[in-house]
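Colleague: I would like a close look at a single part of this model, explained with care.

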Amino acid sequence: MSFSDSQFARTELLLGEDGLNRLAASRVAVFGIGGVGGFAVEALARSGVGTLDLIDSDTVALSNLNRQIIATHTTVGMYKVDAAAARVKDINPDAVVHPYRVFYTPETEGMFDFTQYDYVIDAIDTVTGKIAIVMNAQAAGVPVISSMGAGNKTDPTAFEVADLYATSVCPLARIMRRELKKRGVKRLKVVYSKEAPITPLDSHEALPEGRRQIPGSVAFVPSVAGLILAGEVIKDLART
């Protein structure tokens, strides 16, 4: 396949025709289509990844407009996976998109066959779900990259790509290290920030069930985490 006259011509200059062919033949699952996952999907679509599975049960809310690329006044009320799927198809009409309006938990993990995927992105924020994603991906022998905490932070330059067991500062990474060590997981590629979380101001927003505090977030932090996640996936797949 030649990309010289396509929308991917500039990408081909860096990744080569073989790299773009590998991306076009790849299937990537993105769990969590929020501030982080939405930008990851954006970069995957613009890089020519051929098939995307999008997993999230939430709908777009007004409070998402400050940071989520799929959130506009037009998409408020839509399922995030549907808004993201429409955006992907508008970017690359040849892409195959599978949207799942599902909250990923150990109870719903049976809906997904991880052996179908060439790469998995974990961009959800529940520990039980993140652990299930990692365990299922590793059991299937599929590469997985996981986003650690991006909320309550304001420094986009503090993100790093590292093995989970080399992380520090991030409270979510600390929990994941403890829980995955118990389960015998030896390594996990993650994107995390060394910035200490900021204590958010009091929120007037209604708290979701089980949450004691609404995390603060800005446009320029979760977006960077999402683009770094996608960048790792794209580079790994293009040179496979």
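Colleague: Which residue in strand 5 is the bridge partner of Val120?

Modeller: This is a predicted model, in which local features need pLDDT of at least 70 and side-chain atom pairs count only at pLDDT 80 or more, while totals for chains, interfaces and linings use all residues. Residues are numbered from 1 along each chain as its sequence is written, and side-chain values use heavy atoms, with hydrogens and water left out.

The bridge partner of Val120 in strand 5 is Val144. Strand 4 (residues 119–122) and strand 5 (residues 144–147) run parallel and are joined by 3 bridges; strands here are DSSP runs of E with at least two residues, helices are runs of H or I with at least four, and both are numbered from the N terminus. Two strands count as paired if DSSP finds at least two bridges between them.

Around them, an open sheet of 7 strands follows the order 3-2-1-4-5-7-6, with mixed pairing. Its edges are strand 3 (96–100) and strand 6 (159–163), each of which pairs on one side only. From one strand to the next, the twist averages 15 degrees. Helix 3 (residues 80–91) packs on this sheet and touches strand 2 (51–55) and strand 3, where contact means heavy atoms within 4.5 Å. The direction of helix 3 makes about 175 degrees with that of strand 3; axes are lines fitted to C-alpha atoms, for helices over the stretch in contact, and angles run from 0 to 180 degrees between N-to-C directions.
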